[in-house]
Amino acid sequence: MRIFARPFLRRQRITKNLNMLKPFLLTMALLCLGFSITRAQSTVSGSLVDTSSQRKVSNAVVALIGVKDSLLYRFVRSDANGKFSIPGVRSDSFVIQVSHPDYADYIDYLKPQPGKDLGIGNLFITQKSKLLEEVIVRQNMAIRIKGDTIEYKADSFKTQEGASVKDLLKKFPGITVDRNGKITAQGQDVAKVLVDGEEFFSDDPAVVIENLRADAIDKVQSFDKKSDQSEFTGVDDGSRSKTLNLVLKEDKKKGMIGKVVLGAGTEERYSNQAMLNFFKGKQKIAVYGIISNTGVTGLGWNDRGTFSQGFDLEDAEIMPGGGLMITSSDDGEFGDWDNQYQDEGIPQTIKAGAHYSNKLNQDKTKVNANYTFKDMNVNAVGNTLTKYTLPESSYYNRERHDSKSSQNEHNFNALYDVKLDSLASLRFKFNGKLGTQEAETNSLVETLDNDLGLVNSNRRAVSTRTENEAYLGSVLWRQRLKKKGRTISVSASYKMRETQHDGNLGSIIDYYQGGGINRSDTIDQKRDFYSESKTATARAVYTEPMGKKGTLEFNYAFSRTRSESDRKTFDADDTGKYTSLNDSLSIRYGLAYISNGVGVKYQYSTKKLSANIGTNVGASSMNQFDSLNKKVRTFRFLNLNPSARVSYAFAPQRRMSFNYYGGPNPPSIDQLQPIRDNSDPLFVVVGNPNLKQSFSHSLNLDFSDFKTLTGRNIYASVRFNPQQNAIVTDNTIDASGKTTQRYRNSQGNYSMSGFFDYGIKIKEFRIGMGINGSNSRYVNILNGVMNRNTQSNIGVGPAFSTFKEEKYEVWARANYGYNFSNSNNQSLNANFFSQDYEMSGTWFFSKRFFIGSSVNATLRQKTDAFQGNNNITVWNADVNYKVFKKKNGVFRFEMFDMLNQRRGYQRNFSGTSVSERNYNTLSRYGMLTFTWNFVKNPTPAPSK
């Protein structure tokens, strides 16, 4: 018995001990389980601070709301020291919201990591009575985000009495306005400013924000505007323009605003402007005028858009093969952008314009008409030194010139848009332009060998008079069908352009040998040139919904262009009369281009994703005609024009997009016609009637991310544009230094570029860093040898800005770049560093008195070819004083280019040459101006 009793008793003790350990083991298991769960959770902690007094905020509710389900997860209250701690937070995405009866709601996003406590530091919350800088407030508070639109409530931001919209925008988080009035919203340049959803006077942002009062604004909306066609069909064409819409208060939708600037200065400088804008409800009338010789040729840097109707796809150019080239409705034929002052010479400008727009019949009818006039005269003096490198030698070209030019233009357009019913609309547009340009140029061009010995010299006098006119009429019918997403659009247009060019060429060329003149050639010619182009286009688009998220687009496009060129050159006879026709320099040539294309595109859209893919297949023919209007050559092409776009919105202000387009580029009539152009007798151009069309690819990748709460922005972009069968130059240089240029097709051309920009706001300071770069390769032929030239540059630079209301505004930027160019002709490699610095500031000594200054410095490293000093520093300063009770008058004295260093300078590279160009431009002067902004609103009737 004893043998078995001991084990039995031991088992009893073990069982008793186990029974005693069960609660302990269960507790330990639960603790371990709790410990493992705790390790997967986090504690979120921080402090609440009043933005104005810097005091701690107690008894505020701090809540976590799940992003996925929008349900309240947990909440706590801040203690007496403003601190809060939320334990046991799972790893997920949350919205943190701080609420207090006396403070504006604070909202931000956070995502705790598993097992890692999250200390978010001080959260600054603002009293509802104070300016809201970094908060999002719901309902009737300062800022609301509705989809892709950020809406600012104007009255929530304090401005001085009589302040302009420009002053108001500076208060908004996410929007900046520089010293020149250029607006940036969410890191992107603002291209258009609307008033109540419509253009007001023009879409030049500087015009509106500087001439409309802040107290007239109810709210400001910031959004990316799509094209009209995209909004109508629902098929995204990829076009975006950052837009601000100013919503007027109801009692401010009648009245007048105006601006007058009177200025006179030293060096006989003057600058005068006047602008009046009348508006009554939806009727708008505007007139303006400019008289200046300080380089002012329009109302602002965005003058091309003045009076235009903005982007409109129905005016897209139908490309060969049925593809579409999307352009502004105010295309190059009907704007003065191509004739703008390019900083060379001293311009004298007179410019005026008028605008009328209205909406009638309960907004069913829209009328818009515009007229502009410009008269500009420029006197210019300049010189260029170019080094050419041949396969086995090199030489220099030295050019000096002085010229006088004048431009006189009338530009007008009109639009009539009517809604036939709730589903259909009809639009008529008309554009017209009449212009005359006259120019006289005297130049001396010298060719020197590698030892700087004269090879030839050319004294040339050229006088020209050109008259041109262009007209464009278009009609667009749009029809929505009963099924949502099913639409029909039909458009047609006809454009005509005529140019009459008359001129004289006088030239004496001396050829040198052994240090002396070997022979001379004299040219005395009269040249008449007439060209005409007529283009008819038609396009039809049908869209059909495919499921809840898809849309299928079918389109057909037709285009016919007939161009004629008639060149006549007459040599002077013994009596000095131009009676002898020079057959080698005279030709009549015709070109007819006909294109038919059909296309299909599929669009898929969700709340975050927008994507489309499609292609156009086009058959086109190009017929060439001789002087007897006889067809001499016919080229036929079958083209494929693919396109694709993908855009994904990770968040309301975070987006990535990719765009691709491919299409052909036919040669121009000037490149085709087999005739010599001897405008420069030492550089003769000859057309090639056997040229084929080239094909270009365009690939763009963009990313943007902006945080309204902190003002942090990230923007990145990459562009790549290869070209197949590119049209390139084929130059032949003979022993006398004379160049003959022809055209041919070749492979190898491409260009690429990219940039990255990062910015962050720390209290009142905004700091940024940008990186940019580009690389391109161009092919040309020189004396039978193919040259591949690669040009690259990379730049990096910081940016800084800060302002304190009624105290100061400071902005600064720098860029450090390296430029390099090389080719398979290794003797032509040019590398150099460059530095650019910009800084401007304004200091306010009182509400009426302030001063400003700006400095722009450009530094260029010397090269082997050019050893001159190329560093330029331009320093401007101004003193300002506001007058009148509402402070809407300003006296300003400005000193421009105080160091007297400003000069025109350019450095250029090509496959076979490097050149530096210098020219006269505006330099040091002082100017006193008076600016008066006035607003007149109807006096409201007294309340009973």
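Contact here means heavy atoms within 4.5 Å. With that in hand, open the model, which is a predicted one, and follow the stops below.

**Stop 1: Ser746 and its surroundings**

Select Ser746, which you will find in strand β40, residues 739-746. Is Ser746 buried or exposed? Its relative accessible area is 8%, so Ser746 is buried. Now show what surrounds the residue: setting aside neighbours within four places in sequence, Ser746 is in contact with Asn725, Ala726, Val728, Val779 and Met786.

**Stop 2: two open sheets**

Move to β3, β2, β5 and β6, which make up an open sheet of 4 strands in the order β3-β2-β5-β6, paired antiparallel. Colour β3 (72-77) and β6 (103-110) to mark the edges, since each of these strands pairs on one side only. On average, and with direction ignored, neighbouring strands in this sheet are turned by 15° against each other. For a look at one pairing, select β5 (residues 94-100) together with β6: they are antiparallel and share 6 bridges. Val98 has Tyr106 in β6 as its bridge partner.

Next, select β4, β1 and β7. They form an open sheet of 3 strands, ordered β4-β1-β7, and the pairing is mixed. Here the edge strands are β4 (83-89) and β7 (118-125), each pairing on one side only. Neighbouring strands are turned by 20° against each other on average, direction ignored. Which way do β1 and β7 run? Strand β1 (residues 42-50) and β7 run parallel, joined by 6 bridges. To find one of the partners, pick Leu48 and look across to Leu123 in β7.

**Stop 3: two nonpolar cores**

In soluble globular proteins, nonpolar side chains tend to be buried together. To see this model's largest nonpolar core, of 27 residues, start from Leu169, Ile183 and Ile217, the members with the most contacts inside it. Several elements give two or more residues to this core: β9 (149-153), α2 (165-169), β10 (175-177), β11 (183-185), β13 (192-195), β15 (217-225) and β16 (241-248). Another core lies apart from that one and has 17 residues, among them Leu48, Val57, Val89 and Phe94. You have already met Leu48 as the bridge partner of Leu123 in β7.

**Stop 4: β23 and its partners**

Strands of a sheet pair through backbone hydrogen bonds, either parallel or antiparallel. Show the backbone of β23 (residues 365-389) with β22 (residues 346-360): the two pair in the antiparallel sense over 15 bridges. For a reference point, Ile346 has Asn379 in β23 as its bridge partner. β22 and β23 form a hairpin with 4 residues between them, and Asn361 in the turn has a positive phi of about 50°.

Now add β24 (residues 394-419), which runs antiparallel to β23 and is joined to it by 25 bridges. Val378 is matched there with Ser405 in β24. Strand β50 (residues 913-919) also runs antiparallel to β23, with 7 bridges joining them. Where does Gly382 find its bridge partner in β50? That partner is Tyr919.

While you are in this region, pick Lys359, which has its place in β22. Its relative accessibility is 26%, so Lys359 counts as partly exposed. Draw a distance from the C-alpha atom of Lys359 to that of Val418: the separation is 9.6 Å, although the two residues are 59 residues apart along the chain.

**Stop 5: rings and charges**

A pair of aromatic rings is described by the distance of the centres and the angle of the planes. How many aromatic pairs does a search of the whole structure find? The search finds 15. Take Phe891 and Phe930: their ring centres are 4.7 Å apart and their planes are at 40°, so the pair is tilted. Phe891 lies in β48 (residues 889-896) and Phe930 in β51 (residues 925-936), so the pair ties together parts that are 39 residues apart in sequence. Phe891 itself is partly exposed, with a relative accessible area of 41%.

For one aromatic cluster, select Phe412, Phe430 and Tyr471. Then look for charges over rings. Arg567 has its charged end over the ring of Phe529, 4.4 Å from its centre. Finish at Arg269, which lies over the face of Tyr925, 6.0 Å from the ring centre.

How values were computed
Residues numbered from 1 in each chain as written. Predicted model: local features only at pLDDT ≥ 70, side-chain atom pairs only at ≥ 80, totals over all residues. Heavy atoms only, no water. Pairing = 2+ DSSP bridges. Phe/Tyr/Trp six-rings, centres within 6.5 Å; stacked < 30°, edge-to-face > 60°. Buried < 20%, exposed > 50% of the residue type's maximum accessible area, 1.4 Å probe, protein only. Lys NZ or Arg CZ within 6 Å of the ring centre and 35° of its normal. Core = buried A, V, L, I, M, F, W, Y, C linked by side-chain atoms within 4.5 Å. Axes fitted to C-alpha atoms, helices over the stretch in contact; angles between N-to-C directions.
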